[in-house]
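Colleague: Could you take me closely through one part of this model, and set that part in the context of the rest of the chain?

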Amino acid sequence: MTRQRIFGSDVPFLDWFRRCKELPSYSSDCGIVATDVDFFVHRYLSSCQSKGTREAQAMMMVEVKTREGDVEFSQRDTLWKIHVLSKGFNADMCVRHFGVSVLRMVGVDPSETEMLAWGRFDKKGELHFRPITTVTTSFA
């Protein structure tokens, strides 16, 4: 089970994810942190001679903290790794980014649904889904 949220509430899927006993927050050989993404900004059009063009695009991830909330250590560490990967600079660490995946389900969390599908992008930007289950192998 991963560490519970410090403040506020989760969407149903993230609540399920945090309660999943097969996903250890820490064990002798594995540790998983779950953090939501507040939003991404994607500027997909830029002005060039009064016409919109997609030749230069920009993206930015934003973490929002309300009520003077702090970014605690585990979330700060995760956000730093995402920042390092997105900026493309070496920070003397080995981090592998697995890209973007899409999880599709019938209900709002996996315990309410029989159908789960895991989507991955191909090199042309097409999403391909395959069926999956909530049965996992143990990390311990």
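What follows is a close look at helix H2 and its surroundings.

Colleague: Where does H2 lie in the sequence, against which strand do its buried residues pack, and how many residues does H2 give to the lining of the largest pocket?

Modeller: Please keep in mind throughout that this is a predicted model. The protein has 140 residues, of which 17% count as buried, and its secondary structure comes to 2 helices and 7 strands. Read along the sequence, these elements follow the pattern α-β-β-β-β-α-β-β-β. Among contacts between residues at least 6 apart in sequence, 27% join residues at least 24 apart.

Helix H2 covers residues 73–87. With its 15 residues, H2 reaches 21 Å from its first C-alpha to its last, which is close to the 21 Å expected at 1.5 Å a residue. Gln-75, Leu-79 and Val-84 are buried in this helix, and the buried residues of H2 pack against strand S4, residues 58–62.

The two ends of the helix can be taken in turn. On the side that precedes H2, the loop between S4 and H2 holds Glu-68, a residue that has a positive phi of about 55° although it is not a glycine. Glu-68 counts as exposed because its relative accessible area is 80%, over the 50% that the term requires. On the other side, H2 is followed by Gly-88, whose phi is also positive, in this case near 75°.

Beyond the helix, the loop between H2 and strand S5 (101–105) contains Cys-94. Cys-94 has a relative accessible area of 82% and is therefore exposed. Between Cys-94 and Lys-81 the separation is 13 residues in sequence, and their C-alpha atoms are 9.7 Å apart in space.

H2 also belongs to the surroundings of the largest pocket, which has a volume of about 2100 Å³. Of the 46 residues that line this pocket, those closest to its centre are Thr-35, Val-37, Gly-99, Ser-101 and Trp-118. Two or more lining residues come from each of helix H1 (12–19), S4, H2, S5 and S6, and it is H2 that gives the most, with 8 residues. By type, the residues of the lining divide into 29 nonpolar, 11 polar and 6 charged.

The strands that come after the helix complete the picture. S5 pairs with S6 in the antiparallel sense over 5 bridges, and in S6 the bridge partner of Val-102 is Gly-119. S6, which spans residues 116–121, pairs in turn with S7, residues 127–132, again in the antiparallel sense and over 6 bridges. Within this second pairing, Leu-116 has Ile-132 in S7 as its bridge partner. S6 and S7 form a hairpin with 5 residues between them, and in the turn Gly-125 has a positive phi of about 90°.

To return to your request, H2 covers residues 73–87, its buried residues pack against S4, and H2 gives 8 residues to the lining of the largest pocket.

Technical notes: Residues numbered from 1 in each chain as written. Predicted model: local features only at pLDDT ≥ 70, side-chain atom pairs only at ≥ 80, totals over all residues. Heavy atoms only, no water. Pairing = 2+ DSSP bridges. Helix = DSSP H or I, 4+ residues; strand = E, 2+ residues; numbered from the N terminus. Buried < 20%, exposed > 50% of the residue type's maximum accessible area, 1.4 Å probe, protein only. Expected span 1.5 Å × (residues − 1). Contact = heavy atoms within 4.5 Å. 1 Å grid on protein atoms, 1.4 Å probe; cavity = no way out; pocket = protein on both sides within 12 Å on 5 of 7 lines; lining within 4 Å. Points joined across faces, edges and corners; volume = space filled by probe spheres on them. Nonpolar A, V, L, I, M, F, W, Y, C, P; charged D, E, K, R; others polar.
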